[in-house]
Amino acid sequence: MSINMELMRKKLATLRGEGSRESSAWFKPDEGDQDIRIVPSPDGDPLKEMYFHYNVGDHKGGIVCPKRNFGEGCPICEFASSLWKEGVSTNDEESKKLAKSLFVRARFFSPVVIRGRENEGVKFYGYGKRAYELLLGYILDPDYGDVTDPIEGTDIALTYTKPTTPGAYPQTNLKMRRNTSTLLEDTEAIPALLDSIPDFDSLFERHTPEQIDAILDEQLAGDGSAESRSKQTTKYSSGKSDVDRAFDELIAAN
């Protein structure tokens, strides 16, 4: 019997959050107050880190950086590096601005259960650097113990506020509850719930350097930058690139 490809596409869409809220592998906060609980990760790391490039192609969730995540060559990193160098050497603010928009960005993820919606299973919650630092501080605070413990862990109060002015970002506030609680009232059902953690690696579309090269070329051809790129970029250079050094120096690297 051959593989049902349509079924496989539906499975992939569900993992990427393209299905209903109940079937999605992603947690997207509702406006207002809600409680979530970070659950223990099989690999012992409940605060996962991934690196993405934005503003390239029509990939709404960004393009997974093959260099920062997998140690492979990344055409976007190379192009952004050469563009930044050109902007610095010629004092071209437009080149520097474009380079900044292409620099790799960190994003963080945790497996969570949404209180009141435990029947939906474990989902992944994506957040930025500020929330990451806050959660890491709570986890390392001995006063809280193991906040992910299924029996004596701690819920997190999350308040999500949508922006009221154009161009503003939503506001998310996280606060660890003081009282511990069980993950489920029926403790015997906890192992099955933890078994529902989605496969994190399957949640993101992974492109090869060659595929990313084609995506970048297509975009640059559309805005007339392809010729400039061919003059600036040495593909797949080895060692620590200039974009790595520039990334470390820029406040915009969050």
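In which loop, between which two strands, is the place of Asn-55? In this predicted model, Asn-55 sits in the loop that runs between β2 (48-53) and β3 (63-64). Its backbone deserves attention, for Asn-55 has a positive phi of about 65 degrees although it is not a glycine. Most residues other than glycine have a negative phi. Asn-55 is also exposed, its relative accessible area being 51%.

A second asparagine can be read in a similar way. Asn-91, which is not a glycine either, has a positive phi of about 55 degrees, and it is found in the loop between α3 and α4. With a relative accessibility of 58%, Asn-91 counts as exposed.

From Asn-91 the reader may turn to the two helices that its loop lies between. Two packed helices are described by the angle between their axes and the distance between the axes. Helix α3 (residues 75-90) and helix α4 (residues 93-102) pack at an angle of about 155 degrees, and their axes are 8 Å apart. Because angles over 145 degrees count as roughly antiparallel, α3 is roughly antiparallel to α4. The crossing of these two helices, α3 and α4, is left-handed.

On the side of α3, the contact is made by Ile-76, Phe-79, Ala-80, Leu-83, Trp-84, Glu-86, Gly-87 and Val-88, while α4 contributes Ser-95, Lys-96, Leu-98, Ala-99, Lys-100 and Leu-102. Sorted by character, the residues of the contact of α3 with α4 comprise 9 nonpolar, 2 polar and 3 charged.

Terms used
Residues are numbered from 1 along each chain as its sequence is written. This is a predicted model: local features need pLDDT of at least 70, side-chain atom pairs count only at pLDDT 80 or more; totals for chains, interfaces and linings use all residues. Side-chain values use heavy atoms; hydrogens and water are left out. Axes are lines fitted to C-alpha atoms, for helices over the stretch in contact, and angles run from 0 to 180 degrees between N-to-C directions. Helices (H or I, at least four residues) and strands (E, at least two) are DSSP runs, numbered from the N terminus. Angles under 35 degrees count as roughly parallel, over 145 as roughly antiparallel, 65 to 115 as roughly perpendicular and the rest as oblique. A crossing is left-handed if the near helix is turned anticlockwise from the far one by less than a right angle, and right-handed if clockwise. Contact means heavy atoms within 4.5 Å. Ala, Val, Leu, Ile, Met, Phe, Trp, Tyr, Cys and Pro count as nonpolar, Asp, Glu, Lys and Arg as charged, and the others, Gly among them, as polar. Buried means under 20% relative accessible area, exposed over 50%, partly exposed in between (1.4 Å probe, protein chains only).
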